[in-house]
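I opened this structure to look up a few things and kept notes as I went. The entries follow in the order I made them.

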Amino acid sequence: MCLSKLTRRSSMYLVKVLNKKSEIEGCGTFAAEFIPRGTIIFYFGRDEKYIPKAHFAALTAEAKERLYKFGVEDEWGNWVIADGDVNHSCDANMLSLFANGIYCEIAVRDIRKGEELTIDYALLYSSFPWSMKCNCGSANCRGTVGSGWPVSPQVQDLWNSRINAAAKEIFAVPQPLFSCKEEKAEELALAIKLKMNPGVFPFVKFSLISKR
Ligand SMILES: [Zn+2]
């Protein structure tokens, strides 16, 4: 999906990216350099686009609908508008997750220069039902994806191996996040260093998925 008004601020990217037309849908975000597995690619802190659960309840139906389409919900019901220009793929190369309430995305495999950055929308926590026909074109495309659907053992295995492999390399690859002098980046780096050690990282994500 692509909505120019909601295009992410480039400063939140920790690697070089560019936006252009996507074969999947609309405009997508593409790697403008090689990104090694384990790299934190993007983060989004609690800023003006962060909507706490208490505020969400008071939004109009129209505003909620926009968030359903273009926002990301954490497992506590808070929202960030973060993904207006990153397409879904059933063979996604990034994992999206919240670390200490800060939304981030991490490369779960090596991403070559020019490759489109994608996440698996079905792995996002969601308190509302949604589904969409997928146009990702990957060999393991599931056809239709949605929230609240059982995650097949094949998909779990794929993500389990990718998350574990990426988690092992978080501290081994050049990590732009760790030298980024920005308040939320420093907070995220600390959260990852102190709490999200490689042994805990995969568990956090899968405890979320397994609630479905
Ligand atoms: Zn697909």
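Entry 1, a small sheet. I looked up the partner of Ile 51 and found that Ile 51 stands opposite Trp 79 in β6. This is a predicted model, and I read every entry below with that in mind. Strand β4 and strand β6, residues 79-81, pair in the antiparallel sense over two bridges. I then checked the sheet as a whole: three strands form an open sheet in the order β4-β6-β5, with antiparallel pairing. The edges are β4 (50-51) and β5 (71-73); each has a single partner strand, so one side of each is left without a neighbour in the sheet.

Entry 2, beside that sheet. I found Phe 70 in helix α2, residues 61-70. Is Phe 70 buried or exposed? Its relative accessibility is 13%, and because buried means under 20%, Phe 70 counts as buried. I also noted the separation of the C-alpha atoms of Phe 70 and Val 80, which is 8.9 Å for two residues that are ten residues apart along the chain.

Entry 3, the cores. Which residues touch the most other members of the largest nonpolar core? That core has 42 residues, and I noted Ile 41, Tyr 103 and Leu 188 as the ones with the most contacts to other members. The elements that give two or more residues to this core are β3 (40-44), β8, β9 (102-107), α3 (153-169) and α4 (183-194). Another core, of six residues, lies apart from it; among its members are Ile 51, Phe 56, Trp 79 and Ile 81. Ile 51 and Trp 79 are thus listed there, and they are also the pair that I noted as standing opposite each other. As background, I wrote down that in soluble globular proteins nonpolar side chains tend to be buried together.

Entry 4, strand β8. I went through this strand residue by residue. Six of the six residues of β8 are buried, so β8 is largely enclosed by the rest of the structure. Met 94, Ser 96 and Phe 98 point one way, while Leu 95, Leu 97 and Ala 99 point the other way. I checked Ser 96 separately, and Ser 96 has a relative accessible area of 2%, which is buried. The C-alpha atoms of Ser 96 and Ile 41 are separated by 10.0 Å, although the two residues are 55 residues apart along the chain.

Entry 5, two hairpins. Strands β8 and β9 pair in the antiparallel sense over six bridges. The bridge partner of Ala 99 is Ile 102 in β9. Two residues lie between the strands of this hairpin, and Asn 100 takes a positive phi near 50°. I then turned to strand β1 (residues 17-21) and strand β2 (residues 27-31), which pair in the antiparallel sense over five bridges. Here Asn 19 stands opposite Thr 29 in β2. The hairpin of β1 and β2 has five residues between the strands, and Gly 26 in the turn has a positive phi of about 50°.

Entry 6, the zinc ion. Which protein atoms are the donors of the zinc ion? I listed the SG atoms of Cys 90, Cys 134, Cys 136 and Cys 141, lying 2.3 to 2.4 Å from the ion. The four donor atoms subtend angles of 102 to 115°, which makes the arrangement tetrahedral. Along the chain the donors follow the spacing C-x43-C-x1-C-x4-C. The pair of Cys 90 and Cys 141 links distant parts of the chain: Cys 90 is in the loop between β7 (87-88) and β8 (94-99), and Cys 141 is in the loop between β11 (131-133) and β12 (144-146), 51 residues apart. Cys 90 counts as buried at 1% relative accessibility, whereas Cys 141 is partly exposed at 30%.

Entry 7, the whole chain and its confidence. I noted five helices and twelve strands. Of the 212 residues, 49% count as buried. The chain averages a pLDDT of 81, and 83% of the residues score at least 70. Confidence is highest in strand β10 (residues 118-119), at 94, and lowest in helix α5 (residues 201-209), at a mean of 49. Over residues 207-212 the pLDDT is below 50. The pLDDT also stays under 50 over residues 1-10. Where pLDDT is low, the predicted coordinates should not be read in detail.

Key: Residues numbered from 1 in each chain as written. Predicted model: local features only at pLDDT ≥ 70, side-chain atom pairs only at ≥ 80, totals over all residues. Heavy atoms only, no water. Donors = N, O, S within 2.8 Å, 3.2 Å for Na, K, Ca; no water. Tetrahedral: all angles 85-135°; square planar, octahedral: opposite > 155°, others 65-115°. Buried < 20%, exposed > 50% of the residue type's maximum accessible area, 1.4 Å probe, protein only. pLDDT = per-residue confidence, 0-100. Contact = heavy atoms within 4.5 Å. Core = buried A, V, L, I, M, F, W, Y, C linked by side-chain atoms within 4.5 Å. Pairing = 2+ DSSP bridges.
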